[in-house]
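Student: Could we go through this structure together?
Tutor: Certainly; please have a look at it before we begin.

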Amino acid sequence: MKPLVKALVAFPRASLVDIGANIVLYRLQAAAMNRNSFAFEPFKPNYRRFCHSIHTNKGFNNRIKRFNVAVMHESTNVKLQPGWRNQGGTRVVSYGKDETGKDIGGVAYTLGVTLDDRMIKYLPKGQLFT
């Protein structure tokens with residue numbers, strides 16, 4: 001956590017982008033420092049947990065943009081496999097047009113997006129990096 005705090009202090013206009021957000025600790029720290037963050041978590045049980053955590057911490061809801069999607073190199077459908085004993089170990093097992101369906105048998109499906117797909121409308125004008 002110390003490296004994150006140090007970076008946010010050094011760059012006062014910085015926002016946090018967290019891919020694979022899991023349980024939200026870093027986003028809560030950034031929100032406590034009055035920073036915006038973007039959290040991407042594709043696995044629905046983890047996503048629900050961190051949404052609950054954000055709502056529990058009053059005043060953080062509007063600082064943390066949440067997305068229940070996987071960040072990929074292209075927009076596509078994604079098949080996830082949760083970790084055996086650790087939901088934080090969820091991984092993408094395949095992706096493509098044929099990966100559609102409901103969450104069944106320990107396998108979860110979600111949408112994969114590029115960062116540009118989801119973030120561009122939230123970035124302040126003139127603050128885009130290429």
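Tutor: A helix here is a DSSP run (H or I) of at least four residues, and helices are numbered from the N terminus. Please keep in mind that this is a predicted model.

Student: OK, what does Asn-34 do just after α2?
Tutor: Asn-34 takes a positive phi there, of about 65 degrees.

Student: And which residues of α2 are buried?
Tutor: Helix α2 covers residues 25–32, and its buried residues are Arg-27, Leu-28, Ala-30 and Ala-31. Viewed down the axis of α2, these buried residues fall within an arc of 160 degrees, so they line one face of the helix.

Student: What about the other side of α2?
Tutor: Leu-25 and Ala-32 are exposed on that side.

Student: So what covers the buried residues of α2?
Tutor: The cover includes helices α1 (2–10) and α3 (44–56), together with strands β1 (16–19), β2 (37–40) and β3 (64–67).

Student: New topic: how many aromatic pairs are there?
Tutor: The count comes to two. In one of them, Phe-40 and Phe-67 are stacked, at 4.7 Å centre to centre with 15 degrees between the planes. This pair links distant parts of the chain, since Phe-40 belongs to strand β2 and Phe-67 to strand β3, 27 residues apart.

Student: Are those two buried or exposed?
Tutor: Both Phe-40 and Phe-67 are buried.

Student: Then why is the pair of Tyr-47 and Phe-50 edge-to-face?
Tutor: Their ring centres are 5.3 Å apart and their planes stand at 75 degrees, so the pair is edge-to-face; the cut-off for that is over 60 degrees. Both residues lie in helix α3, three residues apart, which is about one turn of the helix.

Conventions. Residues are numbered from 1 along each chain as its sequence is written. This is a predicted model: local features need pLDDT of at least 70, side-chain atom pairs count only at pLDDT 80 or more; totals for chains, interfaces and linings use all residues. Side-chain values use heavy atoms; hydrogens and water are left out. Buried means under 20% relative accessible area, exposed over 50%, partly exposed in between (1.4 Å probe, protein chains only). Helices (H or I, at least four residues) and strands (E, at least two) are DSSP runs, numbered from the N terminus. The arc is that of the directions from the helix axis to the C-beta atoms. Contact means heavy atoms within 4.5 Å. Rings of Phe, Tyr and Trp (its six-membered ring) pair if their centres lie within 6.5 Å; planes under 30 degrees apart count as stacked, over 60 as edge-to-face and the rest as tilted.
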